[in-house]
Amino acid sequence: MSFNYNHITLVGRLTKDSSVKDVSNTVRTAFTIAVDRPYKRENGKADTDFIPIVAWGRLGEIASQYLKKGHPVLVEGRLQVRNYEKDEEPRWMSEVVVENFQLLGFPKDQSLVEKSDNLDWFFKANLDNILQ
């Protein structure tokens, strides 16, 4: 019997708009979320972790449409550690592979919402009601 379990749940804000690549005819959407640590330093400020996230296929397509800078998001997935070479030097990369995500609201900066062409018509039509 195997006792392996690899599951991560994160809540944070996107640090910038997602980036999309076509990898072997499959959509790969990458983004980073900022997640505050649960404790604060002596100065009262919390440290923040910047966590790389990747979504593949149809989920990647959806993520690229809706996940924009500043959006709060819940991400569920698994930790993946991979290695590659760059300039003949071995490198290691840790990232979360998305299995599910959920938008938790809009960015703090509402001008980002108004500039977004990717919000569907319902949200645009009801933006004032949603933000109250």
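This is a tour of one chain in a predicted model, going from the whole fold to single residues.

**Whole chain**

Start with the cartoon of the full chain. The secondary structure consists of four helices and six strands. Followed along the sequence, these elements come in the order β-β-β-β-α-β-β-α-α-α. The chain has 132 residues, and 30% of them count as buried. Switch to a surface view: the accessible surface comes to about 9300 Å², with 49% of that belonging to carbon and sulfur atoms. For a contact map, take residue pairs at least 6 apart in sequence; 57% of those contacts join residues at least 24 apart.

**Strands S5 and S6**

Select residues 72-86, which are strand S5, and then residues 89-103, which are strand S6. S5 and S6 pair in the antiparallel sense, over 14 bridges. The two strands form a hairpin, with two residues between them. Asp87 sits in the turn and has a positive phi of about 55°. Label Glu85 as well; its bridge partner in S6 is Pro90.

Now add strand S4, residues 46-56. S4 pairs with S6 in the parallel sense, over two bridges. To find this pairing, show Ile53, which stands opposite Val96 in S6.

**A surface patch**

Stay with S5 and pick Val81, which is in that strand. Show the surface of Val81 together with Leu79 and Trp92: these residues form a nonpolar patch with about 340 Å² of accessible area together.

**Arg28 and Glu95**

The structure holds six salt bridges. Begin with the side chains of Arg28 and Glu95, which meet in a salt bridge at 3.6 Å, N to O. Arg28 lies in strand S3 and Glu95 in strand S6, so this pair ties together parts that are 67 residues apart in sequence. Are these charged residues buried or exposed? Arg28 has a relative accessible area of 15% and is buried. Glu95, with a relative accessible area of 4%, is buried as well.

**Arg37 and Asp47**

Next, display Asp47 and Arg37, whose side chains form a salt bridge at 3.8 Å, N to O. This pair links distant parts of the chain, with Asp47 in strand S4 and Arg37 in strand S3, 10 residues apart. Arg37 is partly exposed, with a relative accessible area of 31%.

**Helix H1**

Move to residues 57-66, helix H1. Select Glu61 and Arg58, which form a salt bridge with their closest N and O atoms 3.0 Å apart. Both residues lie in H1, three residues apart, about one turn of the helix. Glu61 is partly exposed at 32% relative accessibility, whereas Arg58 is exposed, with a relative accessible area of 54%. Before leaving the salt bridges, select Arg37, Arg41, Asp47 and Asp49 together: salt bridges that share partners join these residues into one network.

**Thr29**

Go back to strand S3, residues 26-40, and pick Thr29. Thr29 is buried, with a relative accessible area of 0%. What does the side chain of Thr29 reach? Draw the distance to the backbone oxygen of Gly60, which is 2.6 Å. Then show the residues around Thr29. Leaving aside neighbours within four places in sequence, Thr29 is in contact with Ser18, Ser19 and Val20, with Ile53, Val54 and Ala55, and with Gly60, Glu61, Ala63 and Ser64. Two of the names already visited are in that list: Ile53 and Glu61.

**Leu67**

For the last stop, select Leu67, found in the loop between H1 and S5. Leu67 counts as buried, at 0% relative accessibility. Which residues does Leu67 contact, leaving aside its neighbours within four places in sequence? They are Leu14, Ser18, Phe31, Val73, Phe101 and Leu103. Finish with a C-alpha distance: Leu67 and Leu103 are 36 residues apart along the chain, and their C-alpha atoms are separated by 7.7 Å.

Conventions
Residues are numbered from 1 along each chain as its sequence is written. This is a predicted model: local features need pLDDT of at least 70, side-chain atom pairs count only at pLDDT 80 or more; totals for chains, interfaces and linings use all residues. Side-chain values use heavy atoms; hydrogens and water are left out. Patches are made of residues with over 30% relative accessible area and no salt bridge: like charges are joined within 9 Å, nonpolar side chains (Val, Leu, Ile, Met, Phe, Trp, Tyr) within 5 Å. Accessible areas come from the Shrake-Rupley method with a 1.4 Å probe; for residues, only the protein chains shown count as cover. A salt bridge is a side-chain nitrogen of Lys or Arg within 4 Å of a carboxyl oxygen of Asp or Glu. Buried means under 20% relative accessible area, exposed over 50%, partly exposed in between (1.4 Å probe, protein chains only). A polar contact is a pair of N or O atoms within 3.5 Å; within protein, one must be able to donate a hydrogen and the other to accept it, and residues adjacent in sequence count only if both atoms are side-chain atoms. Contact means heavy atoms within 4.5 Å. Two strands pair if DSSP finds at least two bridges between them.
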